[in-house]
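Here's a quick tour of a model, with an eye on its aromatic rings. Have a look at the fold before reading on.

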Amino acid sequence: MGFFKGLSYNLKGLRFGLNHPRLMLLGLIRFAVILSVTVLCAILVVVYYREIAGAIWAQPESPWLGWIWHLFSWIVALMLLGGSALAGFLLSQILFAVVIMDLMSRKTEQLISGSEQSPPSMPAIPYFFFLLRQEIPRAVLPVLFALVLMGLGLMTPFSPVTSVVSPLAAVVFLAWDNTDLLPARRMGTFSKRFRFLLRTLPLHLGFGLWFLIPLLNVLFLSFAPVGGTMMHLDGVAED
């Protein structure tokens with residue numbers, strides 16, 4: 001049941017967000033921030049990938065080795081593009097999108113409950129760092145887990161298994177990044193919130209499965225804070 005509830009709440013959140021102008025605006029801003037930072041990182045890679053490849057392996061004078069070097073430089077560029085996409089997501093998520101996600105979660109709580117359980121009372125800058133402390137573990141853990149799986153795939157014969165587990169683990173962590181907003185704002189301890197994730201893996205897998213659909217995944221990611229907050233407000237997360 002948890003898996004199907006997760007599926008339904010991400011979809012409910014998207015519908016709810018698109019039907020409320022303030023939430024729709026915040027979702028579009030979040031999408032634009034992530035896309036802009038990622039594109040900027042990709043542009044820097046395209047401009048400087050030859051210099052980076054040359055720093056790793058100086059371009060040879062031999063025409064035959066030159067072809068191999070050009071192939072090598074393209075491989076470096078592809079690796080840097082992949083890294084820039086990850087870096088762009090993490091940078092925009094930690095420095096910008098976390099604030100937008102918090103605003104979306106708080107607005108959803110106001111619209112559904114008629115009021116909001118106030119976050120800690122503090123000035124804007126300390127509150128930003130409060131949000132930052134909540135977001136960094138949620139952003140770093142998936143990367144570390146992905147690196148472990150990548151290492152297992154490279155060093156063991158289990159690469160077919162890790163190739164399936166990796167995207168599923170990624171969407172679970174992405175789902176938790178959105179369902180954890182309300183508990184974190186209410187000062188729940190990290191250990192308690194992480195135990196909640198482990199206890200509700202099917203729920204988070206269902207919630208995050210939409211993130212595997214090409215093109216639509218960006219839309220669902222942009223409005224996922226709404227569905228994640230609705231889940232807690234409706235008591236589904238405690239079922």
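## A pair along one helix

Phe-190 and Phe-194 sit four residues apart in helix 7 (residues 190–199), so about one helical turn separates them. Bear in mind that this is a predicted model. The two rings, Phe-190 and Phe-194, make a stacked aromatic pair, with 6.0 Å centre to centre and 15° between the planes.

How exposed are these two? Phe-190 is partly exposed, at a relative accessible area of 32%, and Phe-194 also counts as partly exposed, at 25% relative accessibility. The pair isn't on its own, either: ring pairs tie Trp-176 into a cluster with Phe-190 and Phe-194.

## Other rings

Phe-207 and Phe-211 pair up edge-to-face, with 6.4 Å between centres and 80° between the planes. Both Phe-207 and Phe-211 are buried. Searching the whole structure turns up six aromatic pairs.

What lies over the face of Tyr-9? That would be Lys-12, at 4.4 Å from the ring centre.

## The chain as a whole

Zooming out, the chain has nine helices and zero strands, so going from the N terminus the elements simply read α-α-α-α-α-α-α-α-α. Of its 239 residues, 40% count as buried.

Among contacts in the chain with a separation of 6 or more, 77% come from residues 24 or more positions apart. As for the outside, the accessible surface comes to about 13000 Å², and carbon and sulfur atoms hold 76% of that.

Key. Residues are numbered from 1 along each chain as its sequence is written. This is a predicted model: local features need pLDDT of at least 70, side-chain atom pairs count only at pLDDT 80 or more; totals for chains, interfaces and linings use all residues. Side-chain values use heavy atoms; hydrogens and water are left out. Rings of Phe, Tyr and Trp (its six-membered ring) pair if their centres lie within 6.5 Å; planes under 30 degrees apart count as stacked, over 60 as edge-to-face and the rest as tilted. Helices (H or I, at least four residues) and strands (E, at least two) are DSSP runs, numbered from the N terminus. Buried means under 20% relative accessible area, exposed over 50%, partly exposed in between (1.4 Å probe, protein chains only). A charge sits over a ring if NZ of Lys or CZ of Arg is within 6 Å of the ring centre and within 35 degrees of the ring normal. Contact means heavy atoms within 4.5 Å. Accessible areas come from the Shrake-Rupley method with a 1.4 Å probe; for residues, only the protein chains shown count as cover.
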